[in-house]
There are 2 protein chains.
Amino acid sequence: MKNKQKQVQLRDVQDVIDIIGGRWRGAILASLCDKEKRFNELKRDLGSITPRTLTKELKYLEMNKLVCREVEASSAVSVLYSLTKHGKSLEPLIGQIVAWGQKHRKIVLD
Amino acid sequence: MKNKQKQVQLRDVQDVIDIIGGRWRGAILASLCDKEKRFNELKRDLGSITPRTLTKELKYLEMNKLVCREVEASSAVSVLYSLTKHGKSLEPLIGQIVAWGQKHRKIVLD
């Protein structure tokens, strides 16, 4: 593979890791792989995340067309977060990340 | 899925993204997916990385049992870096990251 082609490929890896990276974004996407969730449901899944950080990361994922934010027309204002079609295309990758993570934990802890 | 189980799964996602994350680690692993490489070959693939950062990230990947460092018994001291068996188990995941990255670029640029 020519060096130019290789550099484009490596840049793709960096871009994707930037999108799903950081401490929380991958975990937010993995949480939404189950089903659409309210803010507090996401917060409960993620444990120690602050509301401010969760809001900021959800906005980032929306900007990258991975998460959709929907205001529910009910008595109290309620917002639902879900994966977009494009966000759902990450599910196999996130599934592989989870599987590899479990294997890695065993190897590193041995 | 119970919340406890979900939190373990999300922590796995965070751990893996921590290992392959940052600006360079995923790209270093992807570069080594081709073949074993010398320091300068890696540096040429990665473009703007500094020698100091490349050294630091390679040590981190070695510590996580993903990369192996071998000193070649030849006249001039020459060091070869390669993926360990465990490191090679990342190849399908990195392949999916590259493929998803190419698709994502088209969607975000449209």
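Biologist: In this predicted model, how far apart are N and O where the side chains of Asp45(A) and Lys37(A) meet?

Modeller: Side chains of opposite charge can pair when their charged atoms come close. The criterion applied here is a Lys or Arg side-chain nitrogen within 4 Å of an Asp or Glu carboxyl oxygen. Asp45(A) and Lys37(A) meet in a salt bridge, and the N to O distance is 2.6 Å.

Biologist: Is Asp45(A) buried or exposed, and what is the relative accessibility of Lys37(A)?

Modeller: A residue counts as buried when its relative accessible area is under 20%. Asp45(A), with a relative accessible area of 8%, is therefore buried. Lys37(A) counts as buried too, its relative accessibility being 5%.

Biologist: Which residue meets Lys37(A) in a salt bridge at 3.3 Å?

Modeller: This partner is partly exposed, having a relative accessible area of 41%. Its side chain and that of Lys37(A) form a salt bridge of 3.3 Å, taken from N to O, and the residue is Asp34(A).

Biologist: How many residues apart in sequence are the parts that Glu72(A) and Arg38(A) tie together?

Modeller: Glu72(A) and Arg38(A) form a salt bridge whose closest N and O atoms are 3.0 Å apart. Because Glu72(A) lies in strand β2 (residues 67-72) of chain A and Arg38(A) in strand β1 (residues 37-38) of chain A, the pair ties together parts whose separation in sequence is 34 residues.

Biologist: Which residue of chain A is linked in a network of salt bridges with Asp34(B), Lys37(B) and Asp45(B)?

Modeller: A search of the whole structure, over all chains, finds 16 salt bridges. In the network that includes Asp34(B), Lys37(B) and Asp45(B), the residue from chain A is Lys6(A).

Note on methods:
Residues are numbered from 1 along each chain as its sequence is written. Chains are lettered from A and ligands numbered from 1 in the order in which they are written. This is a predicted model: local features need pLDDT of at least 70, side-chain atom pairs count only at pLDDT 80 or more; totals for chains, interfaces and linings use all residues. Side-chain values use heavy atoms; hydrogens and water are left out. Buried means under 20% relative accessible area, exposed over 50%, partly exposed in between (1.4 Å probe, protein chains only). Helices (H or I, at least four residues) and strands (E, at least two) are DSSP runs, numbered from the N terminus.
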